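Trainee: I'm new to this one. Could you show it to me and let me ask how you know what you say about it?

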Amino acid sequence: MTLPQAQSLDVRTALKQGIHLLREAHVPSDTLAAELLLLHVTRRDRTWLYAHHEELLALETIELYFSLLHRRAAGEPTQHLTGKQEFWGLEFEVTPDVLIPRPETEHLIEVTLDRLAVRELRAGRNPKLTGEGLTTVDIGTGSGCIAIALAKELPAAEIYATDISAAALVIAQRNATRLGYQARITFLESNLLSAFSPASSHQSLVTNHQSLLFDLVISNPPYIGRKETSTLPIEVRDHEPASALYGGEEGYELYGQLIPQAARHLKPGGLLILELGHDSLPAVLPLLETPEWTKVHVTNDLAGIPRVLSAERT
Ligand SMILES: C[S@@+](CC[C@H](N)C(=O)[O-])C[C@H]1O[C@@H](n2cnc3c(N)ncnc32)[C@H](O)[C@@H]1O
């Protein structure tokens, strides 16, 4: 597609043409995507956009806008083009090295805060949470969204975050620094909880962490099956990191390692909070039907899909 006459393009027309271009390419949420890209190139907010429909855009702005629209039409996620995604009211930098935080993952934070408050009530303490005395770990932190949301909600908690991907940890640390939580979170490169195991090969890194037992283990692990690859949208399959997507051939394999490791690393009464794939529950629930676990709950997301599995260590 050739670029339109840049001189004659105002905000309203640019938006209309952007939506049309994306719609023709069958991009989902075409209006929102065109709007976000226009906001990004104009460095404005939505209020400005709708109050300045008639304003003419600069040539460079129009060129950049259309080049981003074409990249979106070819499959790149909007968030890779704008470099950001909101999660839990915070703005996260995202790159192709990390999973783009999803809205349904916010349910993990909600369930965690609910269950921690209930635990306090049961113990006869004030359910208003500060995280005082709590040691938590986010496994597979990616952009850092879960660990950083917890740091925001539990200002006194001690927080660890691990990932097997060194590249993801760079982004997570950058997000923690930009959002002002870097001093609150210890980031470690680790296969699940191996950095906290006595036999760890990370000796020099984790000597001080090895004896840790946690009050909370939380994770949104990769849970898509390799066998589902061909059914994934192109923006996911070709643009998000495979290590963040695939849990194995079936998808649920990593839970089989993570749940027994969590049992060894949780204090009695400690909480395990896991995000589930859309069809993971039947394979994962039996892993919690062992004497190590009690008070197992399933929470549905807004679409009615079982999304969060939570349990208490006996
Ligand atoms: C589904 S993404 C979740 C990212 C982020 N927590 C979120 O909710 O947006 C899974 C993350 O787990 C990491 N990961 C995959 N296998 C892992 C393993 N064996 N140990 C630790 N992290 C792993 C991936 O690199 C990726 O960052």
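Trainee: Which residues does D215 touch, not counting those up to four places away in sequence?

Mentor: This is a predicted model, by the way. In it, D215 touches R119, G133, L134, T135, L266, K267, G270 and L271, leaving out residues up to four places away in sequence. D215 itself lies in strand β6, which covers residues 214–219.

Trainee: What makes you call D215 buried?

Mentor: Buried means under 20% relative accessible area. D215 has 8% relative accessibility, so it counts as buried.

Trainee: And how do you know that the side chains of D215 and K267 make a polar contact?

Mentor: The cut-off for such a pair of N or O atoms is 3.5 Å. The contact joining the side chains of D215 and K267 is 3.0 Å, so it fits. The side chain of D215 also has a polar atom 2.7 Å from the backbone nitrogen of T135.

Trainee: Let's go to the ligand. Which residues are closest to the ligand?

Mentor: G140, D163, N191, L192 and N220 are the closest, out of 20 residues that surround the ligand. By class, that shell has 10 nonpolar, nine polar and one charged residues. Two helices, α7 (145–153) and α11 (242–245), each supply at least two residues of the shell.

Trainee: What polar atoms of G140, S190 and N220 does the ligand meet?

Mentor: With G140, a polar backbone atom is 2.8 Å from a nitrogen atom of the ligand. With S190, a polar backbone atom is 3.5 Å from a ligand nitrogen. With N220, an N or O atom in the side chain is 2.8 Å from an oxygen atom of the ligand. As for cover, the ligand taken alone exposes 600 Å², and the protein buries 95% of that.

Trainee: Stepping back, how many helices and strands does the protein have?

Mentor: There are 13 helices and 11 strands.

Trainee: Why is the protein called as compact as a globular protein of its length?

Mentor: Set one value against the other: the globule rule gives 20 Å for 314 residues, and the radius of gyration is 22 Å, close to that, so the protein is as compact as a globular protein of that length. Along its principal axes, the C-alpha trace spans about 70 × 40 × 40 Å.

Trainee: What share of the residues is buried?

Mentor: Buried residues make up 51% of the 314. Among contacts with a separation of 6 or more, 65% come from residues 24 or more positions apart.

Key
Residues numbered from 1 in each chain as written. Predicted model: local features only at pLDDT ≥ 70, side-chain atom pairs only at ≥ 80, totals over all residues. Heavy atoms only, no water. Near = heavy atom within 4 Å. Polar contact = N/O pair within 3.5 Å; in protein donor to acceptor, adjacent residues only side chain to side chain. Areas by Shrake-Rupley, 256 points an atom, 1.4 Å probe, with all protein chains shown as cover. Helix = DSSP H or I, 4+ residues; strand = E, 2+ residues; numbered from the N terminus. Nonpolar A, V, L, I, M, F, W, Y, C, P; charged D, E, K, R; others polar. Rg over C-alpha atoms; globule rule 2.2 N^0.38 Å. Buried < 20%, exposed > 50% of the residue type's maximum accessible area, 1.4 Å probe, protein only. Contact = heavy atoms within 4.5 Å.
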